[in-house]
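Good morning, colleagues. I would ask you to take a moment with the sequence and the structure before I begin.

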Amino acid sequence: MEGNARGCSSSFAAPDVQETFGESQNFAARLSRSGLATTLMDATTDKDPLVQEQIYNALCYLGESEPEEILHSCDEYLRQHDKLAYPHRVIILKAMETVVRNNIASLDKSTAKVVIFLASSEMTKSKEVIRDWQQAASSVLVAVGQRFINKVMEEVLTKFQPGILPHYFIVQTFANLSVSNVFGMVPFLNSILGTMLPMLGMAKQDHMKSVFCYALQHFSESIQEYLANLDKAPDPTVRKDTFSNEIFSAYEVLFNSWLQHREAKLRLAVVEAMGPMSYLMPSEKLEEQLPKLIPGILALYKKHAEAFYISKSLCQILEASVNIGSRSLDVQLDALLGTLHPQICAPADPFVPLTVKNHTEVLRCFTVLACSFPDRVLAFLLPKLESSNERTRVGTLLIMRQIINSAPSQMEIKKPFILSSMKLPLQDSNDKVKRAVVQVISAMAHHGYLEQPGGEAMMEYLVRQCALPSEQPKKQPLDADDLTSDSVQSISVNTLFLLSTTVDRMNNVLWPYLLEFVTPIQFTNALTPLCKSLMYLAMKKQEEGENASLIRYDLNGNLPSPYALTTRLLVVSSQPYAGDCRGAAALRLLSVLQYSVHPALEQLWSKRVPSLVEHIEENTEKCLCQKEWEEKLLLFLQETLAAVSDNTWICHFVTEMCRQLNCYNGFPLEKNFLYKCIGTTLGACVSKDLVQKQLQELLETARYHEEAEREGLASCFGICAINHLEETLAKLEDFVRSDVFKKSVGLFSIFKDRSDNEVEKIKSTLILCYGFVAVHAPKELVLSRIEADILKNIFQYFNTKDLTLKLCLIRSICMISQAIYDGGKCGDFVFSRKAELVAQMVEFIKAEPLDAMRTPVRQRAMVTCTYLVVLEPHLSDPDRTELIDTCLASVLALPPDPGQERDGIGSDILYGDTLSALKDLLKSLLQRNLTPHGLQDMFAVGHLGPWIKSNKDGRGTVVPFYNLGVLIALFSPRCSDSLASVRQHAVDCVYCLLYIQLCYEGFARDHTDEMVEGLKALKKGLEEPDFTVLFHTCHNIAMVVGKRVPPDQLMSLLLAMFEGLADPDKNCSRAATVMINSLLKERGSVLQEKGDTPGGSLPWPHRGSACAL
């Protein structure tokens, strides 16, 4: 039993023990947190600001988990450490404020009382103002007052007794409480004001006057907010009259006494208070005071450089005056306008926030005045738009924008008057004025001004600003007036897009009106934003079901035709990345307009245009192949013409294209492409009369002195000839026969009094036209016309010294040769005048100076000859010899630095291109006679041999094709040339020659011979300048050659190698010695057998000579 009793007793006691243990744990935890807080507060004496910041953060962190415990710890610590210096007390008080604010909802009443009493004590402990300390304590009271306003007021009012000037921070705490807890504080304000009013006369020190002003300002703002939200207020019976008399009494002290004080800070405090107070003053008293109050406020502008507080208060006073229907403002209006206007004209510095805020408040003042006196305000403002002072004009426009936006009903009937007053600003060239005008236009758009007569002028102005160059020239350091970095152009572009996409009432203003700006060339820079806006507007119209009647030409006579729009948008797309990627924007707009251009295009364009846009977006300006892009566009045009399949439409289209040509005089790339478009469209035109008429006009109006134009016109004729060869050749024939190339006036009146230089340019274009016609026209038709019609007219111009004409002749002949070659694949064609043309190219090459390379004549003539030599018939041996020798001498005989920079192209580039052309020409000639005899003739006998042995800077090692025997003997000694690059090339030559021989022996072209491949490994030894290494490598090369040269070639190899003993380069002559010795040792027995055969004899040198080798 006892055991059981004991057992029961112990079992009943267990919970008490557990509870006690739990309490012990909690107590220990609290003790731990409290101790940690105390330790942290002990450390506030550390002078390091970073340490103090960490202590503050740590206390706040602890307060998040146990706010009441930490607040009690702080209270206890501050009471126990009464002598702790105030900077350290501030840290603890700030932490208490943060903990209270973050946990106000869960704070209990007892803790709030403790905190309130402590904060009140800390705030008023010193009668002197110690701002940081007392402000921190005041902030704690304000934080607690968010929820416990009555407890806070109960404590603070004990220190706010009638007849006794209160502590500075008691008044400030009242002010801050009134703002942070409006509904809780306003019921106390009547009694506070009653107690405070007598104190105003007792305040002698400026700081006390300032804090009373601060309190009156915030009390007034708090009362206004309370009255504005009576439906939520705890006491909805509160009225303005409750406070009016006390506020007016305070106003009298402030205005009549304190505002006259010499201390600027106090005056500003008074002004800040009077603005909110004016709303609460009795109406009759405010009306009575206005004749003195407004001039008094305006006078302060002259006394204070910082005008924001004055402007803010003035705006509040003006609003209060308007609210009571004051009649006094009428008398004050001129003074107000005259004082406020200069405030706006003075530029606001964005780096000084108060100047920007001042502008805002002054503009609000103008809004108040414009709503009450619209006629007088406009009569004051509009004449100032004509001022010679830039700041005045800019400031006036800013005010105009403000009142258009903020006084719409008052300005409604003034719209025509305001629009007409903008004529002068629209002509202003000043960038700051332009920016302001664009902002005014934006405001007008939102309020229906642009729908009025005269609105179109405003839109045209906006588009003109969009068309300004996007890259502004570098300016001097910006002055105070021009601190914005946004250019007029960028602001205008953004404004146009916003008006198009966000202001619904502008849809019918902008569409289709903006289309008028697409075709004029002066708006080219604006095309991207125009196309984007128009595309958006058109899509909205289509969504509304207006696809078929998207462009109503019957209602809009000034709109560009479908032909004009299509031409313009297609041409600008040729340079897709210019003007902020206008190509994609233009094509997208074109796609949207497809039905208006022609109903038959819907299916084609819906498929083709997206792929074109995708091509632009997948590439960049650097990587886009311009030729390929233009070909895509021309194919798109060709498909469009085929889809339309309407000759009348096509005739109108090509006529419009020709009409637009002169518009692109300053845009050579776009004009060149337009010529190609014209050629393509003429090709699709069935009317032969129209084709001839347009070709005639093109010849008459072309600007022949521009290279891009000559090229474009020739391209046009060539493309047109695809379908109209007869008409094209006939028109060129007429042109040749005209008097244009004679001194007297001919058929074309446009060619009167042309200089010789201009005539040469016309000839150049004519010749280029023939070349393009030959290349583009159908081969089955053009081959029969080349000699009879084309060359007949070209030959008469070969006798010229004009560089442009000469280059055009060369290029045209090259194109004709290509045409014959391409056409020759379809059948045999014998080019009877081939030799004459080659001879003419040779003459051009001979005429070039041998001391320098200044023009591309050599290179282009050789390229032309490359195409000519492959045509039938074969060149005669003398003609072939002259061609080869002339070309070799023209290039290889040049000095090491052939020519200076030419037209920005380095001489090295030109020389490299010319060298490549020479190689291609020699290759073509060799391929025409690819036999051992042909190889030997090319390399050993008369042409390349002397140049291979030449010591002219190694330039003779550039041709890599050779034959066996004498050819190997020619190259192999150069494996020890004094130039390392020549040594490497020489091994490559031997390597190639041996493989050619293997092909002759029947091996496949891809056959690999290990011994010949070993030559590549020997190249490493040729990099060393050491003679021992070089000659050892030469010996190894000779061993490979000896084993791979057929026996019947050994004799010619050795005999030719003997000639190498006299090589001008001593290294090469020594290498020849080494190789002869190696060959004799390796293949001497074969040679001996040949010598022993009947009739065989070897022309050996004297044995003494052989030994000397």
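I shall speak first about the chain as a whole and then about three pairs of packed helices.

Please keep in mind that this is a predicted model. The protein chain contains 52 helices and 0 strands. Of its 1109 residues, 52% are buried. The surface that the chain exposes amounts to about 50200 Å², and carbon and sulfur atoms supply 52% of that area. As for contacts with a separation of 6 or more, 74% of them join residues 24 or more positions apart.

Let me turn to the helix pairs. Two packed helices are described by the angle between their axes and the distance between the axes.

The first pair on my list is H3, residues 67-80, with H4, residues 86-102. Their axes lie 10 Å apart, at an angle of about 155°. Angles over 145 degrees count as roughly antiparallel, and H3 and H4 are therefore roughly antiparallel to each other. The crossing of H3 past H4 is left-handed. On the H3 side, the contact is made by Pro-67, Leu-71, Cys-74, Tyr-77 and Leu-78, while H4 contributes Arg-89, Ile-92, Leu-93, Met-96, Val-99 and Val-100. By class, these residues divide into 10 nonpolar, no polar and 1 charged.

I continue with H5, residues 109-124, and H6, residues 131-145. The two axes come within 8 Å and cross at roughly 155°. H5 and H6 are therefore roughly antiparallel to each other, and H5 passes H6 in a left-handed crossing. Among the H5 residues that meet H6 are Ala-112, Val-115, Ile-116 and Glu-122. Their counterparts in H6 include Trp-133, Gln-134, Ala-137 and Leu-141. The contact of H5 with H6 has 10 nonpolar, 3 polar and 1 charged residues.

How are H8 and H10 oriented relative to each other, roughly parallel or roughly antiparallel? Helix H8 covers residues 168-180 and helix H10 residues 206-228; their axes are 8 Å apart and the angle is about 15°. Because angles under 35 degrees count as roughly parallel, H8 and H10 are roughly parallel to each other. Their crossing is left-handed. From H8, the contact includes Tyr-168, Val-171, Phe-174 and Ala-175; from H10, it includes His-207, Met-208, Phe-212 and His-218. The contact of H8 with H10 comprises 11 nonpolar and 6 polar residues, with no charged ones.

To close, I return to the orientations: H3 and H4 are roughly antiparallel, as are H5 and H6, whereas H8 and H10 are roughly parallel. Thank you for your attention.

Terms used. Residues numbered from 1 in each chain as written. Predicted model: local features only at pLDDT ≥ 70, side-chain atom pairs only at ≥ 80, totals over all residues. Heavy atoms only, no water. Axes fitted to C-alpha atoms, helices over the stretch in contact; angles between N-to-C directions. Helix = DSSP H or I, 4+ residues; strand = E, 2+ residues; numbered from the N terminus. Parallel < 35°, antiparallel > 145°, perpendicular 65-115°, else oblique. Left-handed = near helix turned anticlockwise from the far one by under 90°. Contact = heavy atoms within 4.5 Å. Nonpolar A, V, L, I, M, F, W, Y, C, P; charged D, E, K, R; others polar. Buried < 20%, exposed > 50% of the residue type's maximum accessible area, 1.4 Å probe, protein only. Areas by Shrake-Rupley, 256 points an atom, 1.4 Å probe, with all protein chains shown as cover.
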